[in-house]
Amino acid sequence: MITLTPEQHATLATNSWYNELPLAIQQLLLAHCREKHLHAGAVVHHKGDAPDGLYVLLEGRLRISNVSPQGAEMVLTWLEPGSWFGEISLFDHLPRTHNNVAESDVHLLRIPQHSFEQLLEQEPALYAHFARLLCQRVRLLFSLMDDAGSLSLMGRLALRLCMLTTNLGQRDPHAGLPHTLSLSQDDLAAMLNASRQAVNQRLRELQRRELISLHYGKIVVHDTDGLQQLAC
């Protein structure tokens with residue numbers, strides 16, 4: 001079993017799904033983890049790769065994206081420390097759905113696929129816990145569908161900021177506020193399929209409402225409830 005520092009345990013505890021697991025289940029997952037270190041720019045997996053395990057990010061940042069038919073990268077989100085990912089392909093045994101790239105040096109924990117399958121056989125209770133995690137993904141998918149089909153640019157922006165602040169639903173929206181998002185307005189515009197100028201205008205309006213504050217290469221979120229109201 002790997003030995004984690006108190007700071008790394010605290011990082012894992014920022015994830016609401018993991019933090020609500022029974023202690024015995026947490027220990028069981030960690031007992032099967034293996035450490036993995038990657039440098040900035042390294043690929044965790046490409047879209048279409050065969051599944052190789054369940055991951056959790058301890059340090060660094062990961063970029064989740066796809067490539068358009070024209071060759072442009074389309075960023076879905078960034079994962080921050082405490083994020084678990086990779087479970088979908090482990091359950092359906094189909095290829096990875098997105099590219100996953102290290103934006104900085106990263107420290108990961110990985111439960112290999114064969115170990116994960118053995119865990120499910122030994123502890124059927126795990127199915128219920130992972131069903132809850134998968135339901136979180138489905139709810140986020142529905143939110144993104146609403147984002148694309150029915151919301152104004154302001155609503156889409158507010159919803160995306162909420163998702164980034166909560167680490168795709170894996171963090172309590174009020175934990176650690178104010179929360180700093182390290183991304184450029186160009187990155188955010190690409191995620192929303194909008195111009196940088198249009199996104200900048202809406203961001204400045206959110207700043208006037210004191211929901212966020214803007215800094216060079218960073219957006220600080222002060223009020224997730226206010227953002228959620230705009231998204232609704």
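This short talk walks through the nonpolar cores, one helix, a surface patch and two backbone angles of the structure above.

Keep one thing in mind from the start. This is a predicted model.

Let's begin inside. The largest nonpolar core has 29 residues. Which residues have the most contacts inside it? They are Leu161, Leu188, Leu203, Ile212 and Leu227. Several elements give two or more residues to this core. On the helix side, these are H7 at 153-165, H8 at 185-192, H9 at 196-208 and H10 at 224-231. On the strand side, they are S5 at 73-79, S10 at 212-215 and S11 at 218-221. H7 supplies the largest share, with 9 residues.

There is also another core, apart from that one. This one has 24 residues, and Trp17, Leu29, Cys33 and Trp84 are among them.

Back to Leu188. What does Leu188 touch, once residues up to four places away in sequence are left out? The list is Leu157, Arg160, Leu161, Leu164, Leu183, Val199, Leu203 and Ile219.

Two of those names, Val199 and Leu203, are buried residues of H9. So let me turn to that helix. H9 has 13 residues. From first C-alpha to last, H9 reaches 18 Å, close to the 18 Å expected at 1.5 Å a residue. Its buried residues are Ala198, Val199, Asn200, Leu203 and Leu206. What do they pack against? The partners are H7, H8, S10, S11 and H10.

Now the backbone just after H9. There, Glu210 takes a positive phi of about 65 degrees. Glu210 sits in the loop between H9 and S10. Is Glu210 buried or exposed? Glu210 is exposed, because its relative accessible area is 66% and the cut-off is over 50%.

Why point out that sign? Most residues other than glycine have a negative phi.

His93 is another case. Though not a glycine, His93 has a positive phi of about 60 degrees. Look for His93 in the loop between helix H4 (87-92) and strand S7 (99-102). His93 counts as partly exposed, because its relative accessibility is 48%.

Last stop, the surface. Which residues make the nonpolar patch of about 390 Å²? Val138, Leu141, Phe142 and Met145 do. Val138 belongs to helix H6, residues 126-149. At 41% relative accessibility, Val138 counts as partly exposed.

That is the tour. If you open the model, start at Leu188, one of the residues with the most contacts inside the largest core. Then follow H9 along to Glu210, in the loop between H9 and S10.

Note on methods:
Residues are numbered from 1 along each chain as its sequence is written. This is a predicted model: local features need pLDDT of at least 70, side-chain atom pairs count only at pLDDT 80 or more; totals for chains, interfaces and linings use all residues. Side-chain values use heavy atoms; hydrogens and water are left out. A nonpolar core is a set of buried Ala, Val, Leu, Ile, Met, Phe, Trp, Tyr and Cys residues joined through side-chain atoms within 4.5 Å. Buried means under 20% relative accessible area, exposed over 50%, partly exposed in between (1.4 Å probe, protein chains only). Helices (H or I, at least four residues) and strands (E, at least two) are DSSP runs, numbered from the N terminus. Contact means heavy atoms within 4.5 Å. Patches are made of residues with over 30% relative accessible area and no salt bridge: like charges are joined within 9 Å, nonpolar side chains (Val, Leu, Ile, Met, Phe, Trp, Tyr) within 5 Å. Accessible areas come from the Shrake-Rupley method with a 1.4 Å probe; for residues, only the protein chains shown count as cover. A salt bridge is a side-chain nitrogen of Lys or Arg within 4 Å of a carboxyl oxygen of Asp or Glu. The expected span of a helix is 1.5 Å times one less than its number of residues.
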